[in-house]
Amino acid sequence: LVRGGETLPDLSGSLPLEMLIECGLEKLRRDYSHTLLNSELAAKETVSQFLVSDTLEQAVEMLTKLHLVVELTALSQTFLSLPPDTLRTMVHSALASLTSISWDQVSHTFTFPLPTHTLREQLARLRPDSWQVRLTTVGDKNTLCKGVETVARLMVDKPRELIEQMFKSKEEEDDEEAGRGEPEYLLVILSEIKRTVMRPEEGV
């Protein structure tokens, strides 16, 4: 405050509070930028766009966006253990997305692709109740078949309608699963074929 001078500046009014706010904002700027830059997850030029502001309101807006990216990075590192290259791509996409949105849209949903191999370890530790894949084929406009859609679903809980007709008793299943240590999945495949509706021609 003094910087070598002998007299203290006038700290009356709201000046002390404004100085305290500026100190807090500067602390957040350094913390957020250090988190992204020190880990080499973002370029300095990209992060610097969120560190420059003309007013306190704009500074809070920019730091809020930067906070979202830092929080997203921390959650991904904690729960997904993503490799650095994937994290770097994710952070770059999030920063680019937040650059173009306004303050009232800060509650934002991030969407970005993740390579399957980056989630292999996480998926291997899971014991899901069901898996589902949907395959869709679009037919030619000049043919009767307009498309085919196939849904394959793997599930642990078996439909009640099929238990009595297709499966063993609950006691037998429990004994077998206890011996294997792994859940038994039921595979259900549903195929739907869409075709052109044929209408009789006039005069026929």
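**Exercises on helices H1, H3 and H4**

**Exercise 1.** Compare the span that helix H4 (residues 84–99) should have with the distance between its end C-alpha atoms.

*Solution.* Helices here are DSSP runs of H or I with at least four residues, numbered from the N terminus. The expected span is 1.5 Å times one less than the number of residues. H4 has 16 residues, so 22 Å is expected; its end C-alpha atoms lie 22 Å apart, which agrees.

This is a predicted model: local features need pLDDT of at least 70, and side-chain atom pairs count only at pLDDT 80 or more. Residues are numbered from 1 along each chain, and side-chain values use heavy atoms, without hydrogens and water.

**Exercise 2.** Sort residues of H4 into buried and exposed.

*Solution.* Buried means under 20% relative accessible area, exposed over 50% (1.4 Å probe, protein chains only). Thr86, Leu87, Met90, Val91, Ala94, Leu95 and Leu98 are buried. They cover an arc of only 165 degrees around the axis, so they sit on the same side of H4. The arc is taken from the directions from the helix axis to the C-beta atoms. On the other side, Asp85, Thr89 and His92 are exposed. The buried residues pack against H1, helix H2 (44–48) and H3; contact means heavy atoms within 4.5 Å.

**Exercise 3.** Locate Glu40 and describe its backbone.

*Solution.* Glu40 is found in the loop between H1 and H2. Its phi is positive, about 55 degrees, although Glu40 is not a glycine. Most residues other than glycine have a negative phi. Glu40 is exposed, with a relative accessible area of 57%.

Note on methods. Helices (H or I, at least four residues) and strands (E, at least two) are DSSP runs, numbered from the N terminus.
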